[in-house]
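I opened the notebook to look up how this chain is put together. I start with a sheet, then turn to the chain overall.

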Amino acid sequence: MNDEITNLPEPEQSDRFAGLRRALTVDLPLKTLALVVAFFFWTSVQLSTDVEEQLHLRVSFRAPEGQMVVGDKVFRVQAQVTGSLGAMEQYTRRRDGDAVYIPTDSFGLGSSTIYLNRDLLGLPKSLRVIAIRPSVVRVKVDRRVTKQVPVRAQIIGTPSAGLTVKRWDVVPDQVTIDGPEQEVGALKEVLAGPVSVEEEVGDMVRLAKLRTGVLGVQVVDLHEAEVRVEIAAPLLDRSIK
């Protein structure tokens, strides 16, 4: 009885895979050759088809140690380029975002007119540059120096009726500033404030932001200072004395 039991699906499944193998292996050399020819044809199309693209770049100028770029140091630049699809894809994979860093070592101190071109923007020779906008930028490089200057509180407003600001103190009373040589040399003090005493009736202590008021010059010690304001009545002070 058991000898008569057979598994009928196995021959069918075996025959099905056998047919598939025969279909894949028949004329295998010709099929391989056709696949290779198709690959080379696709590659040649990729390399010969020209495309045009608008590149949006963020160009940043970097000064060497001991120097700094004064004013605008980052510019938005559009580069219109054309080239094969393969070259465009290769450049897109290779580029690091939209940032382009240009050292200023060869510019020297002072203001320089920079003509942006393929080499400065790091564009490969496989891409043809149609236009660069803007094509000219101005960059100013100066020596970077530091010095200490006093801090002055900027007091605004008027205390309550009959009262006046008797004195004020700032802690710390001196800070170190950093920036271009010419601007740092001309700066005499740093402001802490503004600190309002409007309608105040007694002594007060406030944390105030430090401001240089000069582009490119910054305070390197800290960002805030403590302003202590003493408010008193002038007539009362006179009678006590």
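Entry one: the sheet. I am reading a predicted model. I looked up an open sheet and found four strands in the order β4-β1-β3-β6. Its pairing is mixed. For background, I noted that strands of a sheet pair through backbone hydrogen bonds, either parallel or antiparallel.

Which are the edge strands? I found β4, residues 99-103, and β6, residues 128-133. Each of these pairs on one side only. I also looked up the turn between neighbouring strands of the sheet: on average it is 35°, with direction ignored.

Entry two: one pair of strands. In what sense do β1 and β4 pair? I found the parallel sense, over five bridges. Strand β1 covers residues 50-62. I then picked one residue, serine 60, and looked for its bridge partner in β4. That partner is tyrosine 101.

Entry three: a helix on the strands. I looked up helix α3, residues 85-94. The helix lies across β1 and β3. Strand β3 is residues 74-84, and α3 runs at about 150° to it.

Entry four: the whole chain. How many helices and strands does the chain have? I noted six helices and 13 strands. The chain has 241 residues, and 29% of them count as buried. Its accessible surface comes to about 16000 Å². Carbon and sulfur atoms hold 54% of that surface.

Last, I looked up contacts in the chain with a separation of 6 or more. Residues 24 or more positions apart account for 72% of them.

Terms used:
Residues numbered from 1 in each chain as written. Predicted model: local features only at pLDDT ≥ 70, side-chain atom pairs only at ≥ 80, totals over all residues. Heavy atoms only, no water. Pairing = 2+ DSSP bridges. Helix = DSSP H or I, 4+ residues; strand = E, 2+ residues; numbered from the N terminus. Axes fitted to C-alpha atoms, helices over the stretch in contact; angles between N-to-C directions. Contact = heavy atoms within 4.5 Å. Buried < 20%, exposed > 50% of the residue type's maximum accessible area, 1.4 Å probe, protein only. Areas by Shrake-Rupley, 256 points an atom, 1.4 Å probe, with all protein chains shown as cover.
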